[in-house]
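Student: I have a chain open in the viewer and would like to go through its fold. May we begin with the contacts and then move on to the elements?

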Amino acid sequence: MPDRPEIVCICGSTRFVDEMRAANRDLTFAGVIVVAPGVFVRAEDHGADELITSEQKAALDALHLRKIDLADRVLVVNPGGYIGESTSREIAYARATGTPVSFTDPV
């Protein structure tokens, strides 16, 4: 038996916030430690006063790579097989560091 629960980092487009929350819930109930995006702000979904700056976006992207570093594996939440630019970068990073990657939907 492992000394600690498995750690899974959730990746995917923030347009799938509901699906990510469901995956987080399911994994947590399964005894998994989940690390996931902490900010879900998209220009299409909110007024201009709620948008993040490009500097904040860059910092969040870098922070998410550190979350991948903590993880035993990555779960990509990709309804309909959708994978955007940021998620593609995260998948490439995970694979380059030897972190296994799985998907909720076929790619």
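Tutor: Let us begin with contacts, meaning heavy atoms within 4.5 Å. Among those in the chain between residues at least 6 apart in sequence, 74% join residues at least 24 apart.

Student: What are the ground rules for these values?

Tutor: This is a predicted model, in which local features need pLDDT of at least 70 and side-chain atom pairs count only at pLDDT 80 or more, while totals for chains, interfaces and linings use all residues. Residues are numbered from 1 along each chain as its sequence is written, and side-chain values use heavy atoms, with hydrogens and water left out.

Student: How many helices and strands does the chain have?

Tutor: There are 3 helices and 4 strands; these are DSSP runs numbered from the N terminus, with H or I over at least four residues for a helix and E over at least two for a strand. Along the sequence they follow the pattern β-α-β-α-β-α-β.

Student: And what order do the strands take in the sheet?

Tutor: The 4 strands form an open sheet in the order 2-1-3-4, with parallel pairing; two strands pair if DSSP finds at least two bridges between them. Strand 2 (33-35) and strand 4 (101-103) are at the edges with a single partner strand each, so one side of each has no neighbour in the sheet. From one strand to the next, the twist averages 30 degrees.

Student: Which residues stand opposite each other in strand 1 and strand 3?

Tutor: I10 is opposite L75 in strand 3, and C11 is opposite V76. Strand 1 (residues 7-11) and strand 3 (residues 73-76) are joined in the parallel sense over 4 bridges. Helix 2 (residues 54-70) packs on this sheet, where it touches strand 1, strand 2 and strand 3, and its direction makes about 150 degrees with that of strand 1. Helix 3 (residues 85-96) also packs on the sheet, touching strand 1, strand 3 and strand 4, at about 140 degrees to the direction of strand 4. For such angles, axes are lines fitted to C-alpha atoms, for helices over the stretch in contact, and the values run from 0 to 180 degrees between N-to-C directions.

Student: Then what joins strand 1 to strand 2?

Tutor: Those two strands run parallel and are joined by 3 bridges, with I7 opposite I33 in strand 2. The chain passes from strand 1 through helix 1 (residues 17-29) to strand 2 in a right-handed β-α-β crossover. Right-handed means that, with the strands pointing away from the viewer, the path from the first strand over the helix to the second runs clockwise.

Student: Is strand 1 buried or exposed?

Tutor: All 5 of its 5 residues are buried, so strand 1 is largely enclosed by the rest of the structure. Buried means under 20% relative accessible area and exposed over 50%, with partly exposed in between (1.4 Å probe, protein chains only). I7, C9 and C11 point one way, whereas V8 and I10 point the other way. In a regular strand the side chains alternate between the two faces of the sheet.

Student: What does C9 touch?

Tutor: Not counting residues up to four places away in sequence, C9 touches V35, H64, K67, I68, A71, R73, V74 and L75. Its relative accessible area is 0%.

Student: H64, K67 and I68 belong to helix 2, I believe. Which residues there are buried?

Tutor: H64, L65, K67 and I68 are buried in helix 2. They cover an arc of only 155 degrees around the axis, which puts them on the same side of helix 2; the arc is that of the directions from the helix axis to the C-beta atoms. On the other side, E55 and L70 are exposed. The cover over the buried residues includes strand 1, strand 2, strand 3 and helix 3.

Student: And which residues of helix 3 are buried?

Tutor: They are T87, E90, I91 and A94. Seen down the axis, these buried residues of helix 3 fall within an arc of 100 degrees, so they line one face of the helix. They pack against strand 1, helix 2, strand 3 and strand 4, while E85 and A96 are exposed on the other side.

Student: What follows helix 3?

Tutor: G98 follows helix 3, with a positive phi near 85 degrees.
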